[in-house]
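Open the model in your viewer and switch to a cartoon view. Then follow the stops below, one selection at a time.

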Amino acid sequence: MRERVTVAGVSKTYEGDAGPVRALDDVSFEVEDGEFVCIVGPSGCGKTTLFRIIGGLEGATNGDVLLSGEPVTGPSPDLGIVFQEYHLFPWRSVRGNVAFGLEQLGMAAGERRDRVDEMLELVGLGGSGDSYPSRLSGGMKQRVAIARALAVDPELLLMDEPFGSVDAQTRDMLHRELLDVWGETEKTVLFVTHDVEEAVKLADRIVVMTPGPGSVREVVDVELARPRSRTDEAFAAYQEQVLDLIRE
Ligand code: ADP
Ligand code: MG
C-alpha cells in the first residue's frame with residue numbers, strides 16, 4: 001500500500017508574542033500514490049509548518065489534510081518523518097536508533113534485528129551499527145535518520161530539508177541513495193526544500209510556494225528522465241522556471 005496525500009485549503013495562524021503570525025494561506029495540492037513531490041519556497045514561507053501539519057504534529061487553523069482519504073488527526077505510524085536536524089537519540093547506538101520505531105510496534109527481537117540489518121544495508125551503513133551518533137558525520141547521521149524512518153515501512157516518507165546541513169558531495173550521494181530507495185520501495189515521498197536545484201534533481205512535481213504567508217504559486221511537472229544531470233540544458237531550464245516563479 002502506498003499513500004495519496006490531499007492538502008485541502010490549509011491555513012495556519014500562530015499566536016505569536018507580538019500578535020498573530022499568518023504562516024499559511026489556503027494551501028491546496030495533491031500527491032499521488034508513489035509520487036515524489038518537492039515543496040519549494042523561500043525561507044519563512046511556511047514549509048516546515050505545512051510539513052508539521054501533514055505529519056500530524058500540529059493542527060491547521062483551517063482546512064484539512066487527508067492520507068488516502070482519511071483526515072490526519074495526529075502523528076501516524078504510516079508516516080516516516082525525517083527532520084532537518086536529524087533528531088537522533090544520542091544515548092542509543094545506530095542500531096538502537098533504527099530499531100526505535102520497531103520497538104514501539106512491539107516487533108520481536110529477532111525479527112527486529114533482521115529488519116535493522118536490512119535498513120542499514122539499504123542506506124550504506126552496514127558496518128556502523130554499533131557507533132553512536134556523536135561519532136558520525138552529518139551525512140551518516142542523516143542516513144541513520146532515513147533508515148529509522150523507513151524501518152517501520154511507512155507508506156509516506158516526509159522529509160523537511162533533510163540534506164540542508166551536509167556538504168555538496170555528500171548531498172549528491174544521498175540524493176542518489178534516496179532515489180534508489182524510492183525506486184525500490186515505491187513509497188510516496190514529500191520532500192521540503194528551499195533549494196531549487198535539489199527540487200529539480202529529485203521531484204516528479206514541484207509545488208512552488210509564495211513568500212509568507214505561504215500559498216501555492218504553481219505546481220511544475222518535471223518531465224526529465226532519471227538520473228538527472230544539472231549540466232543538462234533542460235535541467236537548467238526547469239531551474240530557471242522555478243526560480244522565476246519564486247522571484248515573481
Ligand atoms: P519555512 O520552513 O518555510 O522557513 P516556517 O514554517 O518555519 O517556514 O515558518 C513560517 C512562519 O511562521 C514564519 O514567519 C515563522 O516565524 C512563523 N512560525 C513558525 N513557527 C512558529 C511558532 N511556533 N510560533 C509563532 N510563529 C511561528
Ligand atoms: Mg523550515
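At what angle do the axes of helix α2 and helix α4 cross? Keep in mind that this is a predicted model. Select residues 94–104 for α2 and residues 138–151 for α4. The two axes cross at roughly 25° and come within 7 Å. Angles under 35 degrees count as roughly parallel, so α2 is roughly parallel to α4. The crossing of this pair, α2 and α4, is right-handed.

Now show side chains. On the α2 side, pick V94, N97, V98, F100 and L102. They meet V144, A147, R148 and A151 of α4. Sort the residues of this α2–α4 contact by type: 7 are nonpolar, 1 is polar and 1 is charged.

**Next stop: α4 and α5**

Keep α4 on screen. Add helix α5, residues 168–185. How far apart are the axes of α4 and α5? They are 11 Å apart, and the helices pack at an angle of about 15°. This pair, α4 and α5, is therefore roughly parallel. Here too, look at the handedness: α4 passes α5 in a right-handed crossing.

Which residues of α4 meet α5? Select G139, R143 and L150. Across from them in α5 are T170, M173, L174, E177 and V181. The residues of this α4–α5 contact divide into 4 nonpolar, 2 polar and 2 charged.

**Next stop: α3 and α4**

Hide α5 and bring in helix α3, residues 109–122. Its angle to α4 is about 135°, and the axes of α3 and α4 lie 9 Å apart. Roughly antiparallel would need an angle over 145 degrees. The pair α3 and α4 is therefore oblique. The crossing of α3 past α4 is right-handed. The contact uses R115, M119 and L122 from α3, with A147, L150 and A151 from α4. Of the residues in this α3–α4 contact, 5 are nonpolar, none is polar and 1 is charged.

Pause on α4 before moving on. A147 and A151 appear in its contact with α2, and also in its contact with α3. L150 appears in the contact with α5 and in the contact with α3.

**Next stop: the ligand**

Select ligand 1. Which residues surround ligand 1? They are Y14, V21, A23, P42, S43, G44, C45, G46, K47, T48 and T49. Zoom in on the backbone. A polar backbone atom of G44 is 2.7 Å from an oxygen atom of ligand 1. Then click K47: a backbone N or O atom lies 2.9 Å from an oxygen atom of ligand 1. For T48, a backbone N or O atom also lies 2.9 Å from an oxygen atom of ligand 1.

**Last stop: unusual backbone**

Most residues other than glycine have a negative phi, and most peptide bonds are trans. Look for exceptions.

Where is P213? Find it in the loop between β9 (205–209) and β10 (216–221). A cis peptide bond joins G212 to P213, with omega about -5°. Move on to P227, in the loop between β10 and α7 (233–247). The bond joining R226 and P227 is a cis peptide bond too, with omega about 0°.

Now check phi. D26 sits in strand β2, residues 19–31. D26 is not a glycine, yet its phi is positive, about 55°. Finish at E161, in the loop between β7 (156–160) and α5. The phi of E161 is also positive, near 40°.

Notes
Residues are numbered from 1 along each chain as its sequence is written. Chains are lettered from A and ligands numbered from 1 in the order in which they are written. This is a predicted model: local features need pLDDT of at least 70, side-chain atom pairs count only at pLDDT 80 or more; totals for chains, interfaces and linings use all residues. Side-chain values use heavy atoms; hydrogens and water are left out. Axes are lines fitted to C-alpha atoms, for helices over the stretch in contact, and angles run from 0 to 180 degrees between N-to-C directions. Helices (H or I, at least four residues) and strands (E, at least two) are DSSP runs, numbered from the N terminus. Angles under 35 degrees count as roughly parallel, over 145 as roughly antiparallel, 65 to 115 as roughly perpendicular and the rest as oblique. A crossing is left-handed if the near helix is turned anticlockwise from the far one by less than a right angle, and right-handed if clockwise. Contact means heavy atoms within 4.5 Å. Ala, Val, Leu, Ile, Met, Phe, Trp, Tyr, Cys and Pro count as nonpolar, Asp, Glu, Lys and Arg as charged, and the others, Gly among them, as polar. A residue is near a molecule or strand if one of its heavy atoms lies within 4 Å of it. A polar contact is a pair of N or O atoms within 3.5 Å; within protein, one must be able to donate a hydrogen and the other to accept it, and residues adjacent in sequence count only if both atoms are side-chain atoms.
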